[in-house]
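Biologist: I have a model open on my screen and would like help reading its hollows. Could you take me through them step by step?

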Amino acid sequence: MNSRIVSPSGPLCATVTPPGSKSITNRALPLAALADGTSILSGVLDSDDTRVMMDSLARLGVVCRHSPETATVEVEGTSGILRPADLFCGNSGTTLRFLTAICTLGKGPFRLDGIERMRQRPAGDLIRGLSHLGADVRAEWDNDCPPICIHAHGLKGGVAEIPGNISSQFLSALLMAAPYAENDTVLEVVGELVSRPYVDMTLAVMKAFGVVAFAESANTFRIPARQKYHAQHYAIEPDASAASYFFASAAVAGGEITVENLSRNALQGDVGFCDCLAKMGCDVTYREHSITVRRDPQTPLRGIDVGMRAVSDTAQTLSVVALFADSPTTIRDVANMRVKETDRIHAVVCELKKFGADVEEFPDGLRITPLKTYPESGVRVETWDDHRMAMSFAVAGLRIPGVEILNPECTAKTYPRFWEDFARLRRTQPTDF
């Protein structure tokens, strides 16, 4: 197996621009595909997940002209007319879930499948939600997991309840398809909704493509029927989840790192990760087009107790930062991490323990007691075929010698050039403190 050893670094001083947001890219692509003209998307992420989305759209009859060099995609909209297809979605949850809903708008048979891990990821709430709206959709093996089979005849609309505790992507998928239903749609979330900022992102991208959806309360959404998405020139923000690894690098190694083209008002809720770092003792500066995280190496990091339901994709990053705090850190309310690319809570706990940390695992989170001494020999970090494990634990190598990341190529899922950008951090002059 390939591996990469991260070398320790002194205080950092760097400016970084991560690639485009995967979450926004994989929302804008299918909306542009349904639209009534040709859209130009700029700032598009080029990664495994976005390529899977574009390949699946091509199988549905959508023409996508992708230029990785300029980070643009030209999408010829189909006005909602999709041809039947058998789709392979890899391990891309956004692709499978969003396209499951969108395929119900077509006519004829559709089937969506993925790798073995995808076949373990739940989809029952989405299947039942679509069924309530008049779709003929089922799990092929009657286990609420992919493969998913659809006999599409359009979406009737109506009222559907959807639990909010597993994934906000289910609600986002229903929202994205509902404007093309025959009748108005009302979606009612049962229980507390995880990752609400991602739903707000979905509504914002829908609005940008010319569709209205109303949040009538925190848990009720109404979407008028027979709307159409309209072609747009749409710019995609840099990925805030990817930015978390660079912000965390400033926290762990000291120094300051600026991420360009992100702001506190970004569509992505994961900019809220910086609030966690501020509570731990970092200085965070928000500007109109950038965010800077700074820590004087003489200033200790404080442990915190934090609920990360809204920013759970950055919980792994915070877990690594917690190794270097002066008191324990508790991360709560992230049970949905267990049904991601891997069981992320368990995976993080296993790898943190390799560093000699005292870690307690809960059903919905974990508690990390910081390291008193660094490991005497190198630590081999298993990434569990999860891109966020690799990128999060790379940050630990900035302080601890001999951190070896196994299967580093898994970062290609969302950030193919991560290691190149991460290496650039140490080719800059450190800030004087």
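Modeller: We will go through cavities, then a helix, then pockets. This is a predicted model, so local features need pLDDT of at least 70 and side-chain atom pairs count only at pLDDT 80 or more, while totals for chains, interfaces and linings use all residues. Residues are numbered from 1 along each chain as its sequence is written, and side-chain values use heavy atoms, with hydrogens and water left out.

Biologist: What is a cavity, and what is a pocket?

Modeller: On a 1 Å grid over the protein atoms alone, a cavity is a set of points where a 1.4 Å probe fits but cannot get out; a pocket is an open set with protein on both sides within 12 Å along at least five of seven lines; lining residues have an atom within 4 Å of a point. Points are joined across faces, edges and corners, and volume is the space filled by probe spheres set on them. Here there are 3 cavities of 30 Å³ or more.

Biologist: Which residues are closest to the centre of the largest cavity?

Modeller: They are Lys22, Gln169, Tyr198, Asp313 and Lys340, out of 26 lining residues. The volume of this cavity is about 270 Å³.

Biologist: How does its lining divide by class?

Modeller: Ala, Val, Leu, Ile, Met, Phe, Trp, Tyr, Cys and Pro count as nonpolar, Asp, Glu, Lys and Arg as charged, and the others, Gly among them, as polar. The lining of the largest cavity has 14 polar, 10 charged and 2 nonpolar residues.

Biologist: Which helices supply at least two residues each to that lining?

Modeller: Helices (H or I, at least four residues) are DSSP runs, numbered from the N terminus. The suppliers are α1 (22–34), α3 (93–103), α5 and α11 (387–396), and α1 gives the largest share, 3 residues.

Biologist: Is α5 buried or exposed?

Modeller: Buried means under 20% relative accessible area, exposed over 50%, partly exposed in between (1.4 Å probe, protein chains only). In α5 (residues 168–177), 10 of the 10 residues are buried, so this helix is largely enclosed by the rest of the structure. At its N-terminal end, serine 167 acts as a cap, with a side-chain oxygen 3.0 Å from the backbone nitrogen of glutamine 169. Ser167 also lines the second largest cavity, together with Arg97, Arg121, Ile166, Asn336, Val339 and Lys340.

Biologist: And what is the volume of the largest pocket?

Modeller: About 280 Å³. Leu105, Gly154, Leu155, Tyr180 and Lys228 are the closest to its centre among 17 lining residues.

Terms used: Polar contact = N/O pair within 3.5 Å; in protein donor to acceptor, adjacent residues only side chain to side chain.
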